[in-house]
Amino acid sequence: MVKIAPSLFYADFANLARDVAAVEAAGAEYLHIDVMDGMFVPNLSIGPQIVKSIRPNSKMVFDVHLMIVKPERYIDNFVKAGADYITIHLEASDKVEETIDYIRKCGVKPSVSIKPKTPPEAVEHLIKKLDMVLVMSVEPGFGGQSFIPESLEKIAKMNELIKKHNPACELEVDGGIYAHNVADVVKSGASVIVAGSAIFKAPDAAQAIKELRDKCNI
């Protein structure tokens with residue numbers, strides 16, 4: 001079954017507890033939490049304190065996506081804050097494999113993300129160590145971008161590599177996903193769908209999640 005992961009970046013931060021509770025009540029399995037440092041990507045977002053503040057109020061899987069330089073510096077902070085998955089970028093560290101091993105040692109599930117121009121083969125040697133791979137279907141750092149059509153081929157290739165090396169590994173896709181294109185993303189092999197504005201900017205988040213599921217025939 002495909003899992004839905006609303007992106008916290010699009011929530012109303014003045015009413016964060018309300019918005020998190022709403023998507024959980026609507027059946028979202030994961031909460032995707034983008035952490036940006038203004039260096040790896042040209043934007044800033046939240047830190048571990050926000051994750052820590054909402055953790056006691058939610059049973060969703062906290063999927064923390066570190067879009068930061070040298071993410072190994074902050075693993076402990078996000079483990080303590082309550083992350084279930086920690087995703088680091090292949091392009092952001094020269095200690096990727098060591099960091100993957102450390103995340104698992106901390107009792108959290110490790111994940112690696114790749115930017116649109118990074119080929120799936122770049123992470124092939126790591127797949128056996130991972131619980132999830134995240135394929136970015138837009139350039140990371142800003143919301144509201146359009147899905148890059150060439151991403152479908154890339155997702156399909158990543159799906160092949162996962163089936164070959166570690167079938168239990170999740171394949172997550174993030175960027176420009178809405179009801180009109182989510183079916184193609186799932187058909188290409190995605191098992192976790194990140195959606196931000198499609199859910200939090202919709203008039204009814206529960207209805208938006210239902211529409212995504214219906215389009216995927218979930």
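**Rings, charges and cores**

Reader: Hello! Does Y85 count as buried or exposed?

Author: Happy to start there, and please keep in mind that this is a predicted model. Y85 has a relative accessibility of 4%. The cut-off for burial is under 20%, so at 4% Y85 counts as buried.

Reader: How many aromatic pairs does the structure hold?

Author: One pair joins F9 and Y10. Another brings together the rings of Y30 and Y85. That gives a count for the structure of 2.

Reader: Nice. What is the geometry of the pair formed by F9 and Y10?

Author: The ring centres of F9 and Y10 are 5.6 Å apart, with 85° between the planes. Planes over 60 degrees apart fall in one class of pair. The F9 and Y10 pair is therefore edge-to-face.

Reader: Which of the terms buried, partly exposed and exposed fits F9?

Author: Its partner Y10 counts as buried at 17% relative accessibility. F9 has a value of 29%, and the range for burial is under 20%, while exposed begins over 50%. F9 therefore counts as partly exposed.

Reader: And how are the planes of Y30 and Y85 arranged: stacked, edge-to-face or tilted?

Author: The centres of these rings lie 5.6 Å apart, and the planes meet at 40°. Stacked needs under 30 degrees and edge-to-face needs over 60. The Y30 and Y85 pair is therefore tilted.

Reader: How many residues apart in sequence are the parts that this pair ties together?

Author: Y30 belongs to strand β2, residues 30–36. Y85 belongs to strand β4, residues 85–89. The pair thus ties together parts whose separation, in residues, is 55.

Reader: I like cation–ring geometry. Which charged residue lies over the face of F62?

Author: For comparison, the charged end of K115 sits over the ring of F40, 5.1 Å from its centre. Over the face of F62, at 3.6 Å from the ring centre, lies R55.

Reader: Which residue that is not a glycine has a positive phi of about 50°?

Author: Most residues other than glycine have a negative phi. The residue in question is in the loop between β3 (61–67) and α3 (75–81). It counts as partly exposed at 38% relative accessibility. This residue is K70.

Reader: Last one: how many residues are in the largest nonpolar core?

Author: Among the residues with the most contacts inside this core are L8, L66 and I86. Leaving aside neighbours within four places in sequence, L66 is in contact with residues including V35, F78 and I86. A second, separate core has 6 residues, Y30 being one of them. The residue count of the largest core is 61.

How values were computed
Residues numbered from 1 in each chain as written. Predicted model: local features only at pLDDT ≥ 70, side-chain atom pairs only at ≥ 80, totals over all residues. Heavy atoms only, no water. Phe/Tyr/Trp six-rings, centres within 6.5 Å; stacked < 30°, edge-to-face > 60°. Buried < 20%, exposed > 50% of the residue type's maximum accessible area, 1.4 Å probe, protein only. Helix = DSSP H or I, 4+ residues; strand = E, 2+ residues; numbered from the N terminus. Lys NZ or Arg CZ within 6 Å of the ring centre and 35° of its normal. Core = buried A, V, L, I, M, F, W, Y, C linked by side-chain atoms within 4.5 Å. Contact = heavy atoms within 4.5 Å.
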